[in-house]
Amino acid sequence: MGNAADLARKAGALSALIVGVLVATEVAACPAPDQLHVTSLDRAFTQEKFMSGMSKPLKSEGRLLASADEVVWHMTKPFDVKTTITGKGISQSVDGKPAERAGPESTEVGASIAKAMAALMRGQWSELKTMFTVKPSAPVGAEDWQVLLTPLDQRLQSVLGTIVVRGCEDVSLVEITRPDGDRETIVFSESR
């Protein structure tokens, strides 16, 4: 019996040691949204657009690359469309063909969009305060944070509505709710 009691005591001590190591190495809580330090991104995404009159959402997949001065939104499914937004404007390439200018002709508009999208994906909320009301809220779920963006410009509000951004170490989900009730959800994979 002495051996059994000794074994039980050793097993209990080993269990306590393992639990202690696991607790000590547990992942730290998410940093606050204003503590993010993401300089560039390369993330896969899935997107669902919920539109009134349609019973199922439109789904797409692709890859997002974002740096300080360029955003590349490359949808690969169901179609191959690569949209590049820079300070020089917006261009699109369909099915690998040469890129053509798209959207507003103004380079100022392209620069504003690129800057806003890059700031959103990199968690640079102070840069977004020129275009949006930025309101962080209490943690969501386990430890994720959430930030609500509301456009300051009335025209943009009438088209865009509100944006909810969630994440932990970086942005993992973006939900856009439009005034007409349509909405879209974009989920990003882990960082690479």
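**A buried aspartate, a nonpolar core and a loop glycine**

Asp182 is buried (under 20% relative accessible area with a 1.4 Å probe, protein chains only; exposed is over 50%, partly exposed in between), yet Asp182 has no salt bridge, that is, no side-chain nitrogen of Lys or Arg within 4 Å of a carboxyl oxygen of Asp or Glu. The nearest side chain of opposite charge belongs to Arg178, 5.9 Å away; Lys and Arg count as positive and Asp and Glu as negative, with His and the chain ends not counted. The model is a predicted one, in which local features need pLDDT of at least 70 and side-chain atom pairs count only at pLDDT 80 or more, while totals for chains, interfaces and linings use all residues. Residues are numbered from 1 along each chain as its sequence is written, and side-chain values use heavy atoms, leaving out hydrogens and water.

Asp182 sits in the loop between β10 (171–177) and β11 (183–188), where strands (E, at least two residues) and helices (H or I, at least four) are DSSP runs numbered from the N terminus. Its side chain reaches the backbone nitrogen of Ser52 at 2.8 Å. Beyond neighbours within four places in sequence, Asp182 is in contact (heavy atoms within 4.5 Å) with Phe50, Met51, Ser52, Ile176 and Thr177.

Turning to the interior, the largest nonpolar core (buried Ala, Val, Leu, Ile, Met, Phe, Trp, Tyr and Cys residues joined through side-chain atoms within 4.5 Å) has 31 residues. Leu128, Leu149, Ile163 and Phe188 have the most contacts inside this core. Helix α2 (residues 107–121) gives the most to the core, with five residues.

Finally, Gly87, in the loop between β4 (81–86) and β5 (89–94), is partly exposed because its relative accessibility is 39%.

Methods
Polar contact = N/O pair within 3.5 Å; in protein donor to acceptor, adjacent residues only side chain to side chain.
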